[in-house]
Every structure is written in structure tokens, then in C-alpha cells.
Amino acid sequence: MQVRVTNVSKNYAGMAALADVSLTVGSGELVALLGPSGSGKTTLLRTIAGLETPDSGVVYFNDRDASESRIQDRGVGFVFQHYALFKHMRVMDNIAFGLRARKKNRPKEADVKLKVMELLDLVQLSGLEKRFPSQLSGGQRQRVALARALAIEPSVLLLDEPFGALDARVRKDLRRWLREIHDRTGHTTLFVTHDQEEALELADRVVVMNKGQIEQSATPDEIYDTPATPFVFSFIGESSVIPVVVGNGRATLDERVIDLEVGVLADGPAKLFLRPEDVAMVTDGGPGIPGLVVSTRRIGGMRRVTMECGLARHRIEFDAPAEIDIHNSQRLQVRITGGRVYGDGEEGYATEKLASSDTADFKWARAEGWIDR
Amino acid sequence: MTPKAISKPPRANWRRRSVLPGFGLSLGYTIAYLSLVVLIPLAGLGISSASLGWNEFWAIAFDPRVAAALQLSFGAALLAAIVNTVFGVLIAWVLVRYRFPGRRWLDAAVDLPFALPTAVAGIALATLYAPNGVFGATLESVFGLKIGFSAIGVVFALIFVGLPFVVRTVQPVLEEIDRETEEVSATLGAGRWRTVTRVIMPGLLPAILTGFALSFARGVGEYGSVIFIANNLPFQSEIAPLLIVIKLDEHNYAGATAIATIMLVIAFVMLFVINLLQAWSRKWFGHD
């Protein structure tokens with residue numbers, strides 16, 4: 001089932017939760033709605049489910065206006081962050097609830113049992129059918145909630161922060177497992193998350209939302225490699241931001257402490273976004289941006305270094321090999337090997353990807369003495 | 001820490017320190033207070049009725065007038081509690097679920113039976129339902145139904161005084177019910193009726209039982225409002241608490257305590273059964 005959201009807006013007490021949002025989810029696609037809290041991602045999910053009525057705009061299931069059917073007849077499987085299991089029902093009755101609630105062609109009780117057992121097997125909870133929800137762990141409860149949603153053979157599966165209430169390890173297991181289930185059952189699936197790692201790992205496509213609008217909708221690779229807006233860049237992964245001024249095709253900071261060629265960007269203020277891997281320490285005595293180390297911490301096999309540069313002491317984070325000893329207040333030089341510059345355009349943002357291969361392209365100003373404090 | 005401090009054996013201590021301090025103190029206080037306020041007076045009741053001797057005691061217990069009064073007291077209280085349960089849940093539902101002008105006033109009005117001296121309630125009800133009252137006259141002439149000055153009047157009075165108990169016990173639990181549970185029920189295809197009966201009500205059952213028990217207990221003990229609306233005829237509309245007062249007026253203290261003891265035992269047994277029922281429903285519906 002294809003889901004098409006067209007120009008949907010929704011206001012709560014004057015605040016726009018969704019502002020003219022359009023989105024198409026192809027049949028069988030697994031899509032993540034990613035954004036900070038208050039970005040409208042949950043509202044969008046609930047609108048698709050029919051739990052919220054949009055102020056304007058239409059949600060289509062295939063080519064049918066979904067608002068024509070009652071929520072009971074929409075055939076959406078909805079999974080909440082806090083499971084919303086029926087506490088007074090055993091696991092099997094929870095899962096069977098949707099089948100027993102059917103008005104038309106309600107299956108025989110024997111068939112219901114069969115289906116429940118099948119689903120329990122799918123969510124790997126066989127043998128727990130007689131338990132009450134309170135006797136299950138968080139991960140098990142969420143799997144019951146999913147089995148219950150799958151029981152009605154939904155046309156769309158919607159999950160609202162499905163792993164948000166679980167601890168990190170269970171979350172990782174369930175993530176992989178949800179992917180497997182999706183690949184096996186092929187339901188069109190949307191899930192909401194504020195965890196970028198979860199979105200990038202699990203989804204075919206990531207929809208990044210902010211302030212009730214979609215910032216970018218693309219594959220995980222595209223989201224990470226070519227973020228469409230500064231928001232997407234800073235929301236996904238680690239990043240350092242340095243304000244620069246663009247003029248004559250160059251981005252500069254503080255009288256050329258940083259001086260980069262940026263090509264076609266319009267003149268004016270811009271922002272330089274860097275990931276830790278876009279910055280490398282200069283060890284061969286070559287030219288570089290001078291700075292002062294303010295802190296270091298160990299991340300896996302690397303050492304994450306925070307360095308201040310420029311008059312306003314802008315912070316840059318980068319990774320250095322762990323075997324190099326770097327201490328606080330040490331003076332270093334780094335060179336930029338990638339990153340993006342975002343300038344304020346007429347419509348949204350103009351963005352320029354920096355070359356990542358050849359550092360010789362960057363012409364560094366000589367910056368003697370500026371670091372004296 | 002010095003090595004000496006480490007080598008020192010831990011002090012033998014049967015009292016493990018709990019994270020919540022003050023257990024001993026608060027439990028001691030609770031038991032002492034309950035004894036002083038509830039248990040000792042009730043034990044006194046038992047002792048003074050024990051001075052009566054078995055034969056006399058049974059004679060009073062099986063006295064037809066006493067039996068009729070007890071039957072009316074417990075029967076009317078039970079009936080009133082059932083009525084209160086049905087309508088109390090309804091009122092709680094309306095107060096929690098809907099927003100309408102005057103809701104706060106209605107909410108406050110529910111507590112009135114708590115606050116009024118029950119005699120006031122009795123007078124008000126008697127004025128309305130007495131054979132010459134506004135409702136009483138109409139009901140009697142149209143339906144031939146006599147409410148005031150009859151056993152039905154007793155039930156009416158008990159409904160009045162017992163109502164807040166059900167509303168106030170069910171209301172907070174109903175407020176706690178997760179919207180998401182209902183939303184899930186709807187997405188799974190359940191209509192409103194199915195959601196209410198299969199999803200919401202089972203969760204409310206323990207609270208409803210508590211409300212029922214409180215309303216019932218209140219009804220059994222009620223005196224002030226009943227004596228005004230019932231005409232207190234022996235075998236017809238005379239409640240057991242009134243009979244106790246009558247015995248006291250006659251300086252028949254032994255008789256009064258005997259009836260009191262019987263009421264105490266019956267009330268205790270009934271509340272105990274209701275408590276068991278509650279525990280069972282909690283377990284059955286997977287609370288805890």
C-alpha cells in the first residue's frame with residue numbers, strides 16, 4: 001500500500017505542528033521520520049493513522065482518501081513507545097484482540113489461536129502466551145505490541161518511537177529484528193525516532209523533520225553525505241560549526257585564519273560545517289589552522305580532540321590517532337579535508353561541498369602570532 | 001580507610017537498614033493509633049456483649065424485630081450500593097471524559113453528601129418524598145409508589161449519602177487510563193462499545209469494587225438521614241442503628257451492644273469478602 005501525504009497542516013493552539021507537509025511512501029518501503037522533539041514527526045505519524053485530523057491536506061492510501069474511512073477500518077497497525085498493551089489481558093488475548101474485534105469475516109476461534117501462535121513464533125515469544133504484560137520485560141512487551149499490530153494484517157505499519165523506552169542493548173537487537181520482520185512481511189512501514197543512528201541503520205529512507213517541516217527526505221547515505229540543510233548536517237552525526245564570511249569565492253574567518261575556496265556561493269555570511277573526519281591534524285610541518293587544545297576524550301580507537309581557533313575561539317572537533325599524546329593547552333595545526341559551507345540563499349540554503357581529497361587546494365593564510373592570548 | 005577499620009567484624013545486626021527510614025517508628029505508631037481509635041473500642045463492645053451470656057445473646061439476635069431491622073439495614077445498603085455503583089461510574093465517566101460548562105460545579109456538587117450533616121439530607125429528602133411532598137405525592141397518586149416513610153425511602157437516603165464514594169474512587173483511576181490504550185483499540189478495529197467494555201471497564205473493576213464497598217459500608221452505618229425519611233415502623237422501615245438507639249433509650253445497654261456486635265460481625269465479614277474479591281480481580285486482570 002502506498003501512502004501519500006499531500007499538503008497536510010496541523011495547528012495546536014496557534015503553534016504549527018505540521019506546516020504544509022507532503023510525503024510519499026512507496027509500497028513495502030521502510031521509512032524513518034527523524035527529528036528532535038516538537039518537530040512534528042509524531043503528529044505526522046498520528047495523522048496518517050487517523051488519530052489526528054489534519055486542519056488541511058489529505059492523506060491517501062493508494063488512491064483512496066483515508067479520511068473517508070473510520071480509523072477502525074483504515075487497517076493501520078500502530079505501535080506506541082510505551083506499548084499500550086491491555087494490562088488485564090494475557091499475551092494471547094492481546095494479540096487476538098484485533099481479530100476478535102472484526103465485524104466482517106471474523107475468523108473462527110480455532111483459527112484465531114492458530115494465527116496467534118504463528119505471530120508469537122514470528123516475534124520469538126512462543127511459550128509466553130499465558131503471561132500478563134506485567135510479567136514481561138520491556139523488549140518482550142514491545143514485541144507483543146508489534147505482534148498485536150501485525151495480527152490485523154495492516155496495510156500500513158506505524159511505529160511511534162518503538163524502541164525509545166528500552167535500554168541500549170535491547171534496542172539494538174530489536175532494531176535488527178524489526179528489519180528482518182519487515183523484509184519477511186513486506187509491510188509499508190513508517191517509524192518515528194529521534195535517534196539518528198537508529199534511523200540510518202534501519203530505514204530505506206530517512207525523512208528529517210524540523211519545526212513541522214520536512215528538511216530532507218533521502219537514503220541514509222545521502223542524508224549523511226549530502227545534508228540538504230545546516231539543520232540536517234548538525235542533527236545527523238557529530239559536527240563543528242564555524243561562522244565564516246564568503247567573498248570573491250572564498251570563505252574566511254578572522255582575517256584569513258581560515259581561508260577556503262568555496263566556488264559559486266553568493267557573498268555574505270555563511271556557516272562552515274565540519275565532521276570530525278573532515279579535520280586532520282598536521283604532523284608533517286605543513287601549513288594548517290593553528291589552535292589550542294581545550295579537551296580530549298577517548299572514543300574507541302581514536303582520540304576526540306576539541307580545539308579552539310580564531311579570535312572568537314570557535315571550537316573544532318576532530319579525531320587523532322590514540323597513540324599520539326595530546327594534552328590540554330597544547331598548540332596544534334589542523335587542515336580541513338572536507339565539510340560543507342552553507343550560505344543563506346533566497347530559497348532555503350545554498351550549499352557547497354568542500355573537496356576532500358587534495359588539501360593543496362586550500363590556501364592557508366600565514367597566521368603567526370594570532371594565538372597569543 | 002585504615003586497615004583496622006576493615007578488619008573490624010560487622011556488628012551483628014538483625015535489623016537491616018532499609019532505604020526507607022522510619023519503618024519501626026511509623027508501624028509502631030500506626031498500630032498504637034489504630035488500637036486506640038478502632039480496635040480497643042470495638043473490643044470493648046465485644047466484652048460488654050460477652051457479659052450477656054450466650055442464651056440471652058441469641059435471644060436478642062433472633063428476635064424477629066431485630067432480624068427484620070438487620071435485614072433492612074444490610075439489604076437497603078446493598079441495594080443502594082449497587083445503584084450507586086452504576087450511576088457513580090457514569091458520573092465519574094462524564095466528569096473525567098467530557099469538558100462542558102459547569103463541570104467544576106458538578107464536580108463539587110458530588111461532594112455535598114459528604115459535607116452535609118446527614119440529618120439535613122434526611123429532611124430534604126423527606127420534604128420531597130413524603131406522601132405530601134412534591135415527588136412523593138405525584139409518585140403515589142400516579143404509580144401507587146410510596147417512597148417516603150417506607151423501606152424504599154431508606155434505600156433513597158442511602159443512595160444519597162453513598163454516592164460520592166463510588167465517584168471519588170473511580171474518578172482518579174479513570175483519569176489515569178492511558179489514551180493510547182484506547183487509540184490502539186480503535187486502530188485494531190474495535191468500536192467504542194467494545195473499547196469501553198473490553199478495554200476500559202476491566203481496568204476500572206478494582207476501583208469500582210472499592211467504591212461499592214465504601215458505599216455499602218457507609219449505608220450500613222447510616223443513621224441521621226434515614227430516620228427522617230423512613231417512618232421507622234418496626235418490621236417495615238426500622239433500621240438496626242435506630243434499634244440500637246431505642247434500646248439505649250430504654251437503658252437496655254446489653255441489648256444495644258448485642259445488636260451492635262452482630263452488625264459488626266456481619267459488616268466485617270462482608271467487607272472481608274469484598275476485599276478478597278478485589279484481590280482476586282487484581283490478580284485476574286493482571287494488575288501488580
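## A two-chain predicted model, chain by chain

Within chain B, 76% of the contacts with a separation of 6 or more are between residues 24 or more positions apart. Keep in mind, as you look around, that this is a predicted model. Let us stay with chain B for a moment and then move to chain A.

### Chain B

What secondary structure does chain B contain? The count is 14 helices and 0 strands, so a walk from the N terminus of chain B meets one α element after another: α-α-α-α-α-α-α-α-α-α-α-α-α-α. The radius of gyration of chain B is 25 Å, while the globule rule gives 19 Å for 288 residues; the value is well over the rule, so chain B is more spread out than a compact globule. The C-alpha trace of chain B spans about 95 × 65 × 30 Å along its principal axes. As for burial, 33% of the 288 residues in chain B count as buried.

### Chain A in outline

Chain A holds 8 helices and 21 strands. Its domain assignment gives domain 1 (3-229) and domain 2 (238-361). The centres of these two domains of chain A, taken over C-alpha atoms, are separated by 40 Å. In chain A, 64% of the contacts between residues at least 6 apart in sequence join residues at least 24 apart.

Here are the two chains side by side, for quick reference.

| Chain | Helices and strands | Span of the C-alpha trace along the principal axes | Residues counted as buried |
|---|---|---|---|
| Chain A | 8 helices and 21 strands | about 85 × 45 × 35 Å | 41% of 373 residues |
| Chain B | 14 helices and 0 strands | about 95 × 65 × 30 Å | 33% of 288 residues |

### Two open sheets in chain A

One open sheet of chain A has 4 strands in the order β2-β1-β4-β5, and the pairing is antiparallel. Its edge strands are β2 (15-25) and β5 (64-65) of chain A, each of which pairs on one side only. Inside this sheet, strand β1 (residues 3-12) of chain A pairs with β2(A) in the antiparallel sense over 7 bridges. If you would like a residue to click on, try A:V8, whose bridge partner in β2(A) is A:V21.

Another open sheet of chain A is built from 6 strands, in the order β6-β7-β8-β3-β9-β10, with mixed pairing. Why is one side of β6 and of β10 (213-218) of chain A left without a neighbour in the sheet? These strands stand at the edges and each has a single partner strand, so one side of each has no neighbour there. From one strand to the next, the twist of this sheet averages 15°.

Strands β3 (residues 30-34) and β9 (residues 205-210) of chain A run parallel and are joined by 4 bridges. A residue pair to look at here is A:L34 with its bridge partner A:V208 in β9(A). Helix α1 (residues 41-49) of chain A packs on this sheet and touches β3, β6, β7 (156-160), β8 (188-193) and β9 of chain A. The direction of α1(A) makes about 150° with that of β7(A).

### Where the chains meet

How many residues does each chain bring to the contact? Chain A gives 22 residues and chain B gives 19 residues. On the side of chain A that touches chain B, the elements giving two or more residues are β6 (76-79) and α2 (91-100) of chain A. The largest share of that side comes from β6(A), with 3 residues. Sorted by class, the side of chain A that touches chain B has 13 nonpolar, 6 polar and 3 charged residues.

### Two residues to visit

A:L85 sits in the loop between β6 and α2 of chain A. Is A:L85 buried or exposed? A:L85 is buried, because 26 other C-beta atoms lie within 10 Å of its own, and 20 or more is the cut-off for that class. Setting aside neighbours within four places in sequence, A:L85 is in contact with A:N94, A:P133, A:R141, A:V144 and A:A145. Of that pair of A:L85 and A:A145, the residues are 60 apart in sequence and 6.4 Å apart in space, C-alpha to C-alpha.

A:M117 belongs to helix α3 (residues 109-122) of chain A. With 14 other C-beta atoms within 10 Å, A:M117 is partly exposed. A:M117 and A:I95 are 22 residues apart in sequence, and their C-alpha atoms are 9.5 Å apart in space.

Methods:
Residues are numbered from 1 along each chain as its sequence is written. Chains are lettered from A and ligands numbered from 1 in the order in which they are written. This is a predicted model: local features need pLDDT of at least 70, side-chain atom pairs count only at pLDDT 80 or more; totals for chains, interfaces and linings use all residues. Two strands pair if DSSP finds at least two bridges between them. Two residues are in contact if their C-beta atoms, placed from the backbone, lie within 7 Å. Ala, Val, Leu, Ile, Met, Phe, Trp, Tyr, Cys and Pro count as nonpolar, Asp, Glu, Lys and Arg as charged, and the others, Gly among them, as polar. Domain bounds come from an automatic or database domain assignment. The radius of gyration is taken over C-alpha atoms; the globule rule is 2.2 Å times the number of residues to the power 0.38. A residue is buried if 20 or more other C-beta atoms lie within 10 Å of its own, exposed if 12 or fewer, and partly exposed in between; C-beta atoms are placed from the backbone. Axes are lines fitted to C-alpha atoms, for helices over the stretch in contact, and angles run from 0 to 180 degrees between N-to-C directions.
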